[in-house]
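Please open the structure in your viewer and display the backbone as a cartoon. The tour below proposes one selection after another and states what is to be found at each stop.

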Amino acid sequence: MELTLWTYEGPPHIGAMRIASSMEGVHYVLHAPQGDTYADLLFTMIERRGRRPPVTYTTFQARDLGGDTAELVKGHIREAVERFQPEALLVGESCTAELIQDQPGSLALGMGFNLPIVSLELPAYSKKENWGASETFYQLVRGLLKDEIPEDKNHNPQNWKGQGRRPRVNLLGPSLLGFRCRDDVLEVQKLLGENGIDVNVIAPLGSSPADLIRLPKADINVCLYPEISESTCLWLERNFGMPFSKTIPIGVGATHDFLNELHQLLGMPSYQPKELGTQSRLTWYSQSVDSNYLTGKRVFIFGDGTHAIAAARIAKEELGFEVVGLGTYSREMARKVRGFAKELGLEALISNDYLEVEEAMAKSSPELVLGTQMERHSAKRLGIPCAVISTPMHVQDVPARYSPQMGWEGANVIFDSWVHPLMMGLEEHLIGMFRHDFEFVDGHQSHLGHLGGHQSETNKTTEEPSSNTAKTAVSELDPIWTPDGKEELSKIPFFVRGKIRNKTEKYARQIGCRKIDSETLYDAKAHFKA
Amino acid sequence: MGGATLLKETGPREVFCGLTSIVWLHRRMPDAFFLVVGSRTCAHLIQSAAGVMIFAEPRFGTAILEERDLAGLADAHQELDRVVNDLLNRRPEIRTLFLVGSCPSEVIKIDLARVAERLNGFYQGRVTVLNYSGSGIETTFTQGEDGALKALVPLMPESQEEQLLLVGTLANPVEDRLINIFKRLGIKKIASLPPRESIDLPSIGPGTKVLLTQPYLTDTARVLKDRGAEIIKAPFPLGAEGSRLWMEAAAKAFRIEEALVKSTLEPLLTRARKALEPYREKLSGKRLFLLPESQLEIPLARFLHNECGMKIIEVGVPYLNRELMQPDLDLLPDETLVIEGQHVEKQLDRVRASQPDLVVCGMGLANPLEAEGISTKWSIELVFSPIHGIDQASDLAELFSRPLHRRDLINHKSLAQV
């Protein structure tokens, strides 16, 4: 039993939902009690999706448990197939249904539908979301391609040469609720296009079961998010002989290495990098004199394996930071992260417990935190600037603007989004430093309000005398707040309190009321509403 | 029997489970901790529903069951003792610990009552351990609060004293306001359940008259009655009229002179009607569809029809307690369609077919409906906002008119052409 206050990953069936929702033509029947439908809001709220996830929940209740839950499951499957007419059906169960052992997958397979059905077994009490997504994607690809496996595994990634076409690759791993996948996919496509490489299929994001059947038509696979697609890439390599790339193109150096790897795998003439700094601005921005400020900044990094490792490399090699902590919540990526941390002379933190992460963060006294939403909150508590680099994320981490992490533009985005909080931190530091200077003393006017400020310049001769007299006149007429009124006012949230106070006083003056009590406050509220 | 037409529907549902109530209960009683005994799904649900309220170390958590806990229940009990011990060591300020049952803990039959009893013996009054179920197989959304309050009732001290007991979580300022008005009516002793400190429990007995502030407290009402309290029958205090009837019912139970009631409430009502007017203009004649979620649907439909002039297409409720809802049902217009339970697909078909001006629904459905061009209002907002009482009637109406107002402000047609 594990005490958890906040969790980095959801249960594995959420991972399965991510695959189903990323695709077209796939429907997922999930044997789950009522309440588990909360998962829809992850997609409709965090990702702002204008479509419900393609999921039918059996939403069984206690009273169903006494009866035939298997029949209930079959009824839901039948209705879902009729209503949604999917090209492929996923069937699985959430944590509670796993305990009842209705075997919904077997039930579905026995119903005689003429469509591919993948029965998902995702152990809810030992595995988590990313594992569930990876397993679902793998099972779906395997289910659709298992009859197409060639006897001869001599797939030649250089076939494109003989066929008079450009090389083509699959981009595997991007999914909904992944970090910036929507924009990464565009950026990587652009990057490949510039280098004469075509994209065969992008999956799971935006693909259909028919697209998955076309996967073997590519020369190689590009594994963009190992958390989601490594097991699928390995299976395609084993069974179809398709090699896959291992470099994740996040950061200038890694993007360069990524292109190198692809050129080699595809047997293309070796990659000719353009002059350094002409492709991503990160290189020049980091070199420019302004960035001296960034030198040796202590940075603490925590996230999923892929983004944590990429961030550590950029921090060290491209921005001149000192990495003082590196870790991941993802057990599946623990080995890779440990290896990379060792290279940096660190011991990796592999943990599920955000409090343990916060403790490690505090101990390493960083000047910048790169983490998930959890670390953002911890960093806020500790007063350390932070940028979010990985899931779990909030709605603000799905920005309207184009903001990839991968490729040349991704490196630009990373420079801005990491350096900005540091600069804000500096600003706050300066304010703290000058706090005792007279300009910062409470009640001191801003430049706008100063005599000699441009606004008062024009006004002072004409308005000042009158406003002085008005002031004394007003103070005599100013209504007084009774203790009851003050108490009521104090209950109003601070950020609107001032506005409410002014409006109430205005109202009191209008009606000639001298004492403001709670009733006056409510009267004023109603008055201005009407 | 009122004019409503009551029907039932079964099928796939789109509702939260009772665990979600923790999101507001833990804020009401800062000295209490809610420990869900459940799965990673439970932990993920609460944090997703709680959304941005992540800043503080929360006063709720999940003891996540793992494979070995399922293998041997004896171990699960030991493990739970260990988790509770760790938790209480870290949070010594906790005075009441609620062990909250979940779907998996109910299915594998972990007897949380027994666990609570054992832990109470162990901690000897340093902390009180209680239990209830918030599982999705037994409860929806707001029903979790019913379970939590019911668990508190046996601890309430016995008293014969005449008092008014307000039952159900309210925003603190709203509660203060309501108490203030009841005091003006001459009711001397007024207490609340849940209290603001979990150890500061009100007394209960034959002198207690209970006024429910929320419509989802079926079980709590029953056990309060068992302890001798009288449950005052009234519509729920949403809207000016509903709140008036609710306060008048209490005044009547305390034999307060009608003249005093009238002179106290009439100015408030006049003011509320005036404040409601601009929203009434906006909402009048607009067609409303309420999907089932919070149990507030029936009183809301009553308010939005009777006081704001909206036309009701359908009122969905997760479940229907006729006895508690009757005063509100009686005030609904004739032949209002009230559907208990849900078949979410069929219900959405009806939404699309009827093209309402506004749909009240859960967060999972809001954006998909907006994307289809249908304005929505999240029902979860209604359990977080101060909406009860005569003075809040216009705020309540504003919540519903805002989406319509926004639609008018943003010219969708011209945006679509860009």
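**First stop: a covered strand in chain B**

Select strand E5 of chain B, residues 128–133. Both of its faces are covered: on one side Thr128(B), Leu130(B) and Tyr132(B) are buried, and on the other Val129(B), Asn131(B) and Ser133(B) are buried too. In total, six of the six residues of E5(B) are buried. A residue is called buried if 20 or more other C-beta atoms lie within 10 Å of its own, exposed if 12 or fewer do, and partly exposed in between, with the C-beta atoms placed from the backbone. Strands (E, at least two residues) and helices (H or I, at least four) are DSSP runs, numbered from the N terminus.

This is a predicted model, in which local features need pLDDT of at least 70 and side-chain atom pairs count only at pLDDT 80 or more, while totals for chains, interfaces and linings use all residues. Residues are numbered from 1 along each chain as its sequence is written, and chains are lettered from A and ligands numbered from 1 in the order in which they are written.

Now add strand E4 of chain B, residues 96–101, which pairs with E5(B) in the parallel sense over six bridges. Two strands are said to pair if DSSP finds at least two bridges between them. Within this pair, Phe98(B) stands opposite Leu130(B).

**Second stop: Glu9 of chain B**

Select Glu9(B), which lies in strand E1 of chain B, residues 5–9. Is this residue buried, exposed or partly exposed? With 15 other C-beta atoms within 10 Å, Glu9(B) is partly exposed. Next, select His343(B): 334 residues separate it from Glu9(B) along the chain, yet their C-alpha atoms are 6.2 Å apart. Apart from neighbours within four places in sequence, Glu9(B) is in contact with Ile339(B), Gly341(B), Gln342(B) and His343(B). Contact here requires that the C-beta atoms of two residues, placed from the backbone, lie within 7 Å.

**Third stop: the domains of chain B**

Colour chain B by its domains: domain 1 (18–139), domain 2 (163–259) and domain 3 (275–416). Such bounds come from an automatic or database domain assignment. The centres of domains 1 and 2 of chain B, taken over C-alpha atoms, are 29 Å apart. Where they touch, eight residues of domain 1 of chain B are in contact with six residues of domain 2 of chain B. On the domain 1 side, helix H1 of chain B (residues 22–28) gives the most, with three residues.

**Fourth stop: where the two chains meet**

Show both chains together. The contact between them takes 53 residues from chain A and 59 residues from chain B. Among the elements of chain A that give two or more residues to this side are strand E1 (2–4), helix H2 (40–46) and helix H4 (69–84). H2(A) gives the most, with five residues. To see strands pair across the chains, select E1(A) and strand E3 of chain B (residues 60–64), which pair in the antiparallel sense over three bridges. There, Thr4(A) has Thr62(B) as its bridge partner.

**Fifth stop: helix H4 of chain A**

Select H4(A) and look along its length. At 1.5 Å a residue, its 16 residues should span 22 Å, and its end C-alpha atoms are 22 Å apart, which agrees; the expected span is 1.5 Å times one less than the number of residues.

Which residues of H4(A) are buried? They are Leu72(A), Val73(A), His76(A), Ile77(A) and Ala80(A). Turn the view to look down the axis: the buried residues fall within an arc of 135 degrees, so they line one face of the helix. The arc is that of the directions from the helix axis to the C-beta atoms. On the other side of H4(A), Glu71(A) and Glu82(A) are exposed. The cover over the buried residues of H4(A) includes strand E2 (26–31) and helix H6 (104–109) of chain A. After the helix comes Gln85(A), whose phi is positive, near 45 degrees.

**Last stop: a sheet in chain A**

Select strands E7, E6, E8 and E9 of chain A, which in that order form an open sheet with parallel pairing. E7 (198–203) and E9 (244–245) of chain A stand at the edges, each with a single partner strand, so one side of each is left without a neighbour in the sheet. Strand E8 of chain A (residues 220–223) pairs with E9(A) over two bridges, and Val222(A) has Ser245(A) as its bridge partner.
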